[in-house]
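Please open the structure in a viewer and keep the selection panel at hand. The tour below proceeds stop by stop, stating what to select and what is found there.

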Amino acid sequence: MTSAMKEASKFAVYMNLFFSVVVAAVFFLASSLSAHAAYGVLAPEDQACLNCHAKNKFGKVSANGESTSLHVSDKAFSESVHNENGCTDCHAGFDVKKHTKGSNPKIGSREYSIAALKVCEDCHKDNVKLYEGSLHAALVRDGNSEAPICSDCHDPHAVRAKSASGPMDDVVCRNCHGEVFTAYASSVHGHARAKQTGKLAANEKKAPICADCHKAHEIKAAATGSRIKDACLNCHKDALHLHKVWLPNVERHFEAISCPACHVATAKRQVNLRLYDSLTNQSVTEKKGVPQFKSRAQAADAKGQGLDAYALQSLLKVFNSDDPDEKTVLRGRLEVSSGVEAHQLVGKEQAIKDCGTCHREGSDIFQTVTISIVRPDGRSIHYDAQKEVLTSPISVKSVSGFYAIGGTRIKLLDVLFVIVLAIGITVPLGHFTLRWLFKKYGKKTSDK
Ligand code: HEC
Ligand code: HEC
Ligand code: HEC
Ligand code: HEC
Ligand code: HEC
Ligand code: HEC
Ligand code: HEC
Ligand code: HEC
Ligand code: HEC
């Protein structure tokens with residue numbers, strides 16, 4: 001071997017060594033950066049905490065006899081996503097020897113939980129931000145003890161990866177909205193969802209669960225705004241088009257009728273007349289801290305039998321009293337009469353298709369009428385009205401569009417139907433004629 005060759009092989013040996021050190025260092029760094037402990041295996045420092053906390057029925061009894069659980073399941077924790085972090089990532093600075101003797105009198109209280117949950121923000125800023133803007137969070141801030149905080153929906157010691165649960169497992173919402181869950185579970189969506197086992201189908205084929213329509217962290221009042229309708233149409237992209245085939249002026253119908261009002265066969269329905277600002281095109285919202293709607297409605301409804309046409313007029317007058325534009329009007333919407341019923345969606349064969357179900361004098365659908373306003377938190381308050389407000393000549397102006405349903409425009413529709421039937425025109429031609437005539441008629445009324 002020449003000395004040059006010796007040098008070269010020495011160099012190779014050094015390079016090898018150098019690389020193995022680098023590789024080992026990178027490997028060490030990577031492993032310490034990622035998993036703190038593997039799935040199902042506890043890290044020794046967590047095991048040390050769990051020597052006490054995983055004991056059966058581990059808890060404490062306060063001086064006043066109240067008992068608080070301090071139990072954390074070792075199995076659930078080792079299989080949770082947070083096993084990647086250790087106990088002390090969330091419970092910083094715990095000294096085993098010092099914290100055991102009545103160190104925190106508030107454990108188990110709502111106050112304690114809310115304070116402890118601040119830690120979620122360290123790693124899940126986006127979710128915390130979304131949640132802070134939700135109705136649930138607003139209720140919590142207002143002191144509502146029934147509204148959910150993070151740990152009501154996610155046990156921090158037992159959060160499992162989404163991929164580890166079935167399509168209908170862990171529907172936390174059911175803990176508090178049990179009736180809605182039951183209704184949902186027996187709907188077309190609930191049935192479809194329950195059948196989708198294993199990995200869920202591609203997004204547009206996925207049957208929705210609570211969070212798909214309401215958004216888990218951005219819960220808003222369900223009946224205000226268009227976000228739920230938008231969610232429906234986002235999955236059912238061809239729905240608008242498919243309704244156009246048989247329903248004239250689909251946009252107007254979709255605005256004036258909630259989807260469940262046609263798609264829940266057995267529901268009781270109601271016309272909800274919302275106080276509406278005609279200038280800003282938004283629902284009128286009560287000012288925070290000055291609820292006026294109920295007292296004004298009660299004042300207008302002296303007999304307490306529900307607002308009649310005169311009472312309705314005077315209620316609107318009060319709302320418009322300090323406004324020369326008289327911009328407060330009523331906007332009608334046909335909806336199902338309870339939030340539970342809104343979830344009983346059935347297959348398309350059972351949806352309301354017959355125009356006469358609605359466009360007929362004295363239709364069952366227009367027998368219950370309420371007036372509503374939006375509260376500062378987005379939820380509405382309703383007040384009963386008499387069904388005659390939809391047909392009385394006195395309320396023509398106050399109920400604007402919806403007057404037509406019970407009155408003159410219905411008669412015109414009836415006449416058209418008779419003509420269509422009498423001539424025996426084929427269905428598509430009949431609809432075409434109807435749409436054409438209504439375009440003309442609609443123009444005439446709006447020109448007035
Ligand atoms: C992801 C963050 C997180 C991790 C990791 C975590 N905890 Fe917690 N822990 C919390 C929060 C938040 C609360 C308060 C929640 C509540 O009261 O509902 C809490 C509460 C507790 C309580 C009070 C009793 C109770 O259940 O409310 C004990 C005891 C506890 N944790 C022990 C542990 C132990 C032991 C570990 C490790 C095995 C651990 N925690 C890991 C976030 C965490
Ligand atoms: C020797 C048994 C024991 C060990 C080991 C132990 N704990 Fe505790 N822990 C307790 C007891 C007892 C309490 C109740 C304290 C009290 O009465 O206020 C408690 C309370 C807690 C609480 C709720 C009270 C608070 O101040 O927030 C948390 C969180 C907690 N322990 C976490 C841990 C963590 C993390 C470890 C590991 C670093 C650990 N514990 C190790 C016995 C133990
Ligand atoms: C120290 C960082 C850390 C903290 C603090 C933390 N988490 Fe996590 N969390 C993680 C990691 C890591 C994952 C798993 C990776 C991922 O999916 O982002 C995770 C995942 C989750 C998941 C999703 C599970 C899934 O895959 O669907 C939820 C839910 C969750 N955490 C809730 C909480 C809550 C509630 C708190 C506050 C009590 C909290 N986390 C605090 C690190 C943390
Ligand atoms: C009302 C119940 C509820 C509350 C309250 C809630 N979550 Fe969630 N969270 C969910 C649901 C449901 C999912 C699954 C979402 C999905 O599949 O679209 C989820 C998913 C997550 C995820 C997984 C990542 C993601 O975005 O899908 C994290 C992380 C998380 N939540 C953290 C938090 C934190 C932190 C808080 C408190 C600020 C919180 N959650 C409050 C119900 C809730
Ligand atoms: C297919 C979409 C969809 C799904 C899935 C869905 N909802 Fe709804 N939810 C609605 C609609 C639509 C309304 C009624 C809105 C309206 O009045 O216009 C509603 C209303 C509500 C309300 C208000 C009830 C009331 O009394 O006014 C709650 C609470 C609610 N949903 C919770 C849930 C829960 C919990 C789940 C899961 C079990 C769920 N929703 C699943 C669409 C959905
Ligand atoms: C810890 C209890 C709790 C949990 C869990 C919970 N909620 Fe709620 N939720 C409430 C309370 C309380 C209200 C306010 C009273 C009401 O309107 O029912 C509310 C209100 C709502 C509303 C507004 C209702 C309206 O009047 O328009 C919707 C929508 C809603 N929740 C959906 C959900 C969804 C979706 C989940 C699961 C991701 C969920 N909630 C989980 C307690 C809970
Ligand atoms: C005036 C009543 C009415 C309203 C309002 C209504 N639908 Fe329909 N919808 C029907 C009828 C009837 C059918 C069945 C049509 C047929 O089979 O020819 C249907 C069919 C459907 C279908 C099945 C389409 C197909 O053929 O595959 C979906 C999805 C649907 N509607 C969603 C919606 C959504 C979302 C809304 C609210 C934005 C809505 N519908 C509003 C009456 C209505
Ligand atoms: C996440 C996507 C998604 C959302 C959001 C969604 N759906 Fe669906 N919907 C589906 C799927 C998938 C099916 C098919 C179930 C089956 O046929 O097995 C379905 C079925 C239906 C059907 C039955 C159609 C038929 O052929 O009989 C109607 C009606 C319907 N949805 C209406 C709605 C309404 C109304 C909303 C909003 C309140 C809504 N959907 C929101 C995915 C969605
Ligand atoms: C579930 C009840 C319902 C059904 C079914 C229904 N409609 Fe309507 N229709 C309404 C409501 C509500 C309005 C809006 C009233 C208003 O704003 O004045 C409306 C409005 C109309 C308008 C007036 C649109 C405009 O430009 O103002 C026409 C035309 C009409 N419907 C025709 C029909 C025909 C034809 C059918 C059957 C193919 C039908 N509707 C089925 C409830 C219904």
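Begin by selecting helix 2 (44-53), helix 4 (87-90) and helix 5 (110-116), each of which supplies at least two residues of the shell around ligand 1. The model on the screen is a predicted one, and every distance and angle in this tour is computed from it.

**Stop 1: ligand 1**

Display ligand 1 together with the 20 residues around it; those that come nearest are Cys87, Cys90, His91, Ser113 and His157. What kinds of residue make up this shell? Twelve of the residues are nonpolar, eight are polar and none is charged.

Next, show the side chains that place an N or O atom close to an atom of the ligand. In histidine 91, a side-chain N or O atom lies 2.8 Å from a nitrogen atom of ligand 1. Serine 113 likewise has a side-chain N or O atom 2.8 Å from an oxygen atom of ligand 1. Finally, turn to serine 151, where the distance from a side-chain N or O atom to an oxygen atom of ligand 1 is 3.2 Å.

**Stop 2: the iron atom of ligand 2**

Select ligand 2 and centre the view on its iron atom. Which protein atoms serve as its donors? They are NE2 of His53 and NE2 of His99, lying 2.0 Å from the iron atom. The site has six donor atoms with angles of 88 to 179° among them, and it is octahedral. The two histidines come from distant parts of the chain, 46 residues apart: histidine 53 belongs to helix 2, whereas histidine 99 sits in the loop between helix 4 and helix 5.

Colour the two residues by accessibility. Histidine 53 counts as partly exposed because its relative accessibility is 22%, and histidine 99 is also partly exposed, with a relative accessible area of 24%.

**Stop 3: the iron atom of ligand 5**

Move to ligand 5 and select His214 and His343. The NE2 atoms of these two residues are the protein donors of the iron atom of ligand 5, and they lie 2.0 Å from it. The arrangement here is octahedral because the six donor atoms subtend angles of 88 to 179°. For six octahedral donors, the ideal angles are 90 or 180 degrees.

Where in the chain are the two histidines of this site? Histidine 214 is in helix 11 and histidine 343 is in the loop between strand 5 (328-336) and strand 6 (369-374), so the pair ties together parts that are 129 residues apart in sequence. Histidine 343, at 22% relative accessibility, counts as partly exposed.

**Stop 4: ligand 6 and its shell**

Select ligand 6 and the 18 residues that surround it; the closest are His136, Cys173, Cys176, His177 and Ala222. Of these 18 residues, twelve are nonpolar, three are polar and three are charged.

Now highlight helix 7 (135-141) and helix 11 (210-214), each of which gives at least two residues to this shell. Helix 7 provides the largest share, three residues. Colouring by domain is also instructive: ligand 6 lies between domain 2 (44-96 + 104-153) and domain 3 (165-219), because both give residues to its shell.

Three residues deserve a closer view. Histidine 177 has a side-chain N or O atom 2.9 Å from a nitrogen atom of ligand 6. Alanine 222 uses a backbone N or O atom, which lies 2.8 Å from an oxygen atom of ligand 6. In arginine 379, a side-chain N or O atom is 3.2 Å from an oxygen atom of ligand 6.

**Stop 5: the iron atom of ligand 6**

Centre on the iron atom of ligand 6, whose protein donors are NE2 of His136 and NE2 of His177, lying 2.1 Å from it. Histidine 136 lies in helix 7 and histidine 177 in the loop between helix 8 (150-153) and helix 9 (178-185); this pair links distant parts of the chain, 41 residues apart. The six donor atoms subtend angles of 87 to 178° around the iron atom, so the arrangement is octahedral.

Are these two histidines buried or exposed? Histidine 136 is buried, with a relative accessible area of 17%, whereas histidine 177 is partly exposed at 43%.

**Stop 6: glutamate 335**

Finally, select glutamate 335 in strand 5. This residue is buried, with a relative accessible area of 8%. Its side chain forms a polar contact of 3.2 Å with the side chain of asparagine 272 and another of 2.4 Å with the side chain of arginine 333.

Notes: Residues numbered from 1 in each chain as written. Chains lettered and ligands numbered in written order. Predicted model: local features only at pLDDT ≥ 70, side-chain atom pairs only at ≥ 80, totals over all residues. Heavy atoms only, no water. Near = heavy atom within 4 Å. Polar contact = N/O pair within 3.5 Å; in protein donor to acceptor, adjacent residues only side chain to side chain. Helix = DSSP H or I, 4+ residues; strand = E, 2+ residues; numbered from the N terminus. Nonpolar A, V, L, I, M, F, W, Y, C, P; charged D, E, K, R; others polar. Domains from an automatic or database assignment. Donors = N, O, S within 2.8 Å, 3.2 Å for Na, K, Ca; no water. Tetrahedral: all angles 85-135°; square planar, octahedral: opposite > 155°, others 65-115°. Buried < 20%, exposed > 50% of the residue type's maximum accessible area, 1.4 Å probe, protein only.
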